Amino acid sequence: MKTQFRQYEKMSKTMKFGLTLYIALLFVIVGRMIVSNLNIADNYITIIFTCIVQVFGFGIVPLVLCIILNKRNPLVAYRVNFKINPAIYFLAIPMGFLLYLMTIGVS
């Protein structure tokens, strides 16, 4: 039984991050399936689903998985270890604005 838990120690940082993301998204999908089968007014279902997903699916579940898989602080576990060119930040702002406008145009 202990050998199963030691397999997490052999996984790369990318694999641990991917597993955390996969389980969190699986939680969101299963939560959506459960909430859609509830017989409640549409506004209440939307509120319930949004609260469950925001708090648990995108908050508590990934944080707990990160702590379990990495056995250390999540900020240290997923730190970027290389310098990002400052020009990238100046390119990201106009690209984000253009994608925002493109999303408005599509919808």
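Which residues in H2 are buried? Lys-16, Thr-20, Ala-24, Val-28, Gly-31 and Val-35 are. Keep in mind that this is a predicted model. Here are some notes to read alongside it.

1. **The overall plan.** Start with the simple bit: the chain has five helices and zero strands. Reading along the sequence gives you the pattern α-α-α-α-α. Buried residues account for 17% of the chain's 107 residues. Now take the contacts between residues at least 6 apart in sequence: 59% of them join residues at least 24 apart.

2. **Helix H2.** This one runs over residues 13–36. With its 24 residues, H2 reaches 35 Å from first C-alpha to last, close to the 34 Å expected at 1.5 Å a residue. Have a look at Phe-17, which sits in H2. Is Phe-17 buried or partly exposed? Its relative accessibility is 46%, so Phe-17 counts as partly exposed: buried would need under 20%, and exposed over 50%. Phe-17 also gives you a handy link to H3, a helix that covers residues 42–70. The C-alpha atoms of Phe-17 and Leu-69 are 9.0 Å apart, although 52 residues separate the two along the chain.

3. **Helix H3, length and bend.** You can check this helix with a ruler. At 1.5 Å a residue, its 29 residues should span 42 Å, and the end C-alpha atoms are 39 Å apart, which agrees. Don't expect a straight rod, though: H3 bends by about 35 degrees at Val-53. Just after the helix, Lys-71 takes a positive phi of about 55 degrees.

4. **Which parts of H3 are covered?** The buried residues here are Ile-45, Phe-49, Val-53, Gly-57, Val-61, Pro-62, Leu-65, Cys-66, Leu-69 and Asn-70. Notice that Val-53, where the helix bends, is on that list.

5. **A nonpolar patch.** Now turn to the surface. A nonpolar patch there includes Phe-27, Leu-38, Ile-40 and Tyr-44, and its residues have about 990 Å² of accessible area together. Which helix gives the largest share of the patch? That's H3, with nine residues. Ile-40 belongs to the loop between H2 and H3. With a relative accessible area of 37%, Ile-40 is partly exposed, because that value falls between the 20% and 50% limits. For the chain as a whole, about 9,000 Å² is exposed, and carbon and sulfur atoms supply 71% of it.

6. **Pro-74 and H3.** Finally, find Pro-74 in helix H4, which covers residues 74–77. What does Pro-74 touch, leaving aside its neighbours within four places in sequence? Its contacts are Leu-63, Cys-66 and Ile-67. Cys-66 is also one of the buried residues of H3. Pro-74 and Pro-62 are twelve residues apart along the chain, and 9.6 Å separates their C-alpha atoms.

Terms used
Residues numbered from 1 in each chain as written. Predicted model: local features only at pLDDT ≥ 70, side-chain atom pairs only at ≥ 80, totals over all residues. Heavy atoms only, no water. Helix = DSSP H or I, 4+ residues; strand = E, 2+ residues; numbered from the N terminus. Expected span 1.5 Å × (residues − 1). Bend = angle between axes of the 7 residues up to and from the residue. Buried < 20%, exposed > 50% of the residue type's maximum accessible area, 1.4 Å probe, protein only. Contact = heavy atoms within 4.5 Å. Areas by Shrake-Rupley, 256 points an atom, 1.4 Å probe, with all protein chains shown as cover. Patch = residues over 30% accessible without salt bridge, like charges linked within 9 Å, V, L, I, M, F, W, Y side chains within 5 Å. Salt bridge = Lys/Arg side-chain N within 4 Å of Asp/Glu carboxyl O.
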